[in-house]
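Let's take a walk through this protein together, starting with the whole chain and then zooming in. Keep the 3D view open and turn it as you read.

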Amino acid sequence: MKKFLPIFCLFILFAIDINAQKPYVILVSFDGFRWDYLSRNISPNLEKIREDGVSALSLRPTFPSKTFPNHISIITGMYPSHHGIILNNFRDPWGKITYKMSDTNTTREGRWYLGEAFWETAERQGIISASYFWPGSEILLSYRRPTYNEKYVHTRPYETRVDGVINWLKLPQNKRPHFITAYFHETDTQGHDFGPNSPQLNDAIKRLDGIAGYLFKKLDEIKMRDSVDVIILSDHGMTDVSNQRIINTEKIIDDPSCKIYDDGPVQLIDAPKNKINSVYASLKKNENHYKVYLRDEVPQYFHFSDSPFISPVVVIADPGWTLITNKAGEWLDKQKGNHGYDNNQLDMHGIFLATGPDFKKGYRTGTLWNVDIYPLLCKIFGIYPRTNIDGKLERIEFILN
Ligand code: AMP
Ligand code: ZN
Ligand code: ZN
């Protein structure tokens with residue numbers, strides 16, 4: 001036995017060394033951090049990344065520019081109609097069940113998720129992953145989850161989340177994750193409640209900028225600042241809304257046999273087969289501050305036709321306008337900002353900042369697409385991406401060293 005000991009030790013050292021050589025990436029999401037919030041001169045830590053790393057003019061979300069569809073687009077490299085999470089809340093009309101972002105019984109069900117999350121691609125190829133919150137990370141099937149994950153708690157203090165990330169990085173080499181996600185909701189919440197131009201929103205920017213500073217300070221403390229790639233991005237932007245800019249589609253359709261799903265920038269309308277054309281026609285005749293499409297005629301650039309869960313009629317409000325039904329509650333008066341609109345509108349664009357050994361220094365680029373982040377991550381780790389993705393490495397890889 002004794003004579004094998006040196007060989008065994010060598011093997012262990014080799015294994016540790018291989019793990020140590022893999023890159024480290026922390027993917028941070030600041031929900032609803034609009035692209036231009038960075039120019040308000042109140043976010044010194046984020047602005048410093050412009051000198052130290054890569055900054056994009058904006059990050060183009062997928063349509064609809066909502067939280068769950070976009071976090072899943074970022075992590076799978078697919079459009080919502082392809083990865084399956086077409087809205088924050090939507091129905092499977094055949095299964096007669098509803099996916100609801102606030103209901104973990106549904107968000108943990110693997111059946112909804114048709115794409116492969118980066119942590120799944122990574123784990124299969126030997127990269128240990130972790131998630132301190134990310135939509136889709138709590139899936140019940142263990143092989144579709146990161147090795148380490150935290151169940152979503154909206155009120156968890158932000159510093160505690162960063163400390164959790166740092167604690168993972170302090171694990172022994174053979175247990176330590178190399179890909180970690182983190183999520184912070186501040187700019188989204190304040191943007192909805194007070195609008196993108198409010199003092200409260202500026203406080204949210206400062207708060208998140210402080211969190212970025214705290215993360216870098218903690219990375220310094222564990223002497224990993226220079227060895228970790230940090231990507232800070234957002235899922236979408238925000239625009240002003242008003243209860244003076246509303247459209248009641250239920251009134252226009254005036255037919256109780258039709259079902260209208262969700263108030264807000266996008267509505268999906270189910271109608272009995274023989275009524276689809278007339279519902280479409282009445283919405284088309286009244287088309288003002290919104291656009292109505294039959295599912296297969298939604299413009300190609302939205303990539304919002306290919307899912308069976310998209311209803312036969314799709315209504316998209318103009319930016320700043322809100323689609324409602326007769327039931328619209330008092331949230332309408334309270335809401336000052338929203339998102340979900342046309343993803344080509346700049347107000348819907350988010351941020352993309354990246355710093356670390358794999359990124360260029362002081363490199364500024366134009367708009368990037370969030371579906372391209374999945375292949376970028378695969379490139380950084382040198383692993384094989386899924387081939388059925390919508391993202392394209394050639395649209396983004398020039399930001400790497
Ligand atoms: P939205 O309606 O698109 O603005 O959604 C934003 C909200 O999504 C946030 O305020 C969070 O409460 C919620 N959220 C974000 N991530 C998660 C998650 N992993 N699990 C459950 N809810 C989440
Ligand atoms: Zn969001
Ligand atoms: Zn939001």
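**From the whole fold to two zinc ions**

Start with who touches whom: of the contacts in the protein with a separation of 6 or more, 71% are between residues 24 or more positions apart. Keep in mind that you're looking at a predicted model.

Now for the overall build. The protein has 13 helices and 20 strands. Its radius of gyration is 22 Å, close to the 21 Å that the globule rule gives for 401 residues, so the protein is as compact as a globular protein of that length. If you draw a box along the principal axes, the C-alpha atoms fill roughly 85 × 50 × 40 Å.

What about inside and outside? Of the 401 residues, 56% count as buried. The accessible surface adds up to about 17600 Å², and carbon and sulfur atoms own 53% of that. As for charge, there are 48 positive and 47 negative side chains, with the centres of the two sets lying 4 Å apart.

Time to zoom in on the metals. Which residues hold the zinc ion (ligand 2)? Its protein donors are Asp31, which is listed twice through OD, Thr67 through OG1, Asp235 through OD and His236 through NE2, at 1.9 to 2.8 Å from the ion. Along the chain, these donors follow the spacing D-x35-T-x167-D-H. Asp31 sits in the loop between strand 1 (24-30) and helix 2 (44-52), while Asp235 sits in the loop between strand 9 (228-233) and strand 10 (239-240), so this pair links distant parts of the chain, 204 residues apart. Are these two buried or exposed? Asp31 has a relative accessibility of 1%, so it counts as buried, and Asp235 is buried as well, with a relative accessible area of 1%.

Next, hop over to the zinc ion (ligand 3), which is 4.4 Å from the zinc ion (ligand 2). Its protein donors are Asp188, again listed twice through OD, plus His192 and His339, each through NE2, and they lie 2.0 to 2.6 Å from the ion. The spacing here reads D-x3-H-x146-H. Why does this site join separate stretches of the chain? Asp188 lies in helix 8 (residues 186-194) and His339 in the loop between strand 17 (337-338) and strand 18 (352-355), so the pair ties together parts that are 151 residues apart in sequence. Both Asp188 and His339 are buried.

Definitions and conventions:
Residues are numbered from 1 along each chain as its sequence is written. Chains are lettered from A and ligands numbered from 1 in the order in which they are written. This is a predicted model: local features need pLDDT of at least 70, side-chain atom pairs count only at pLDDT 80 or more; totals for chains, interfaces and linings use all residues. Side-chain values use heavy atoms; hydrogens and water are left out. Donors are N, O and S atoms within 2.8 Å of the metal (3.2 Å for Na, K and Ca); water is not among the atoms, so sites may look incomplete. Helices (H or I, at least four residues) and strands (E, at least two) are DSSP runs, numbered from the N terminus. Buried means under 20% relative accessible area, exposed over 50%, partly exposed in between (1.4 Å probe, protein chains only). The radius of gyration is taken over C-alpha atoms; the globule rule is 2.2 Å times the number of residues to the power 0.38. Contact means heavy atoms within 4.5 Å. Accessible areas come from the Shrake-Rupley method with a 1.4 Å probe; for residues, only the protein chains shown count as cover. Lys and Arg count as positive and Asp and Glu as negative; His and the chain ends are not counted. The place of a charge is taken as NZ of Lys, CZ of Arg, CG of Asp or CD of Glu.
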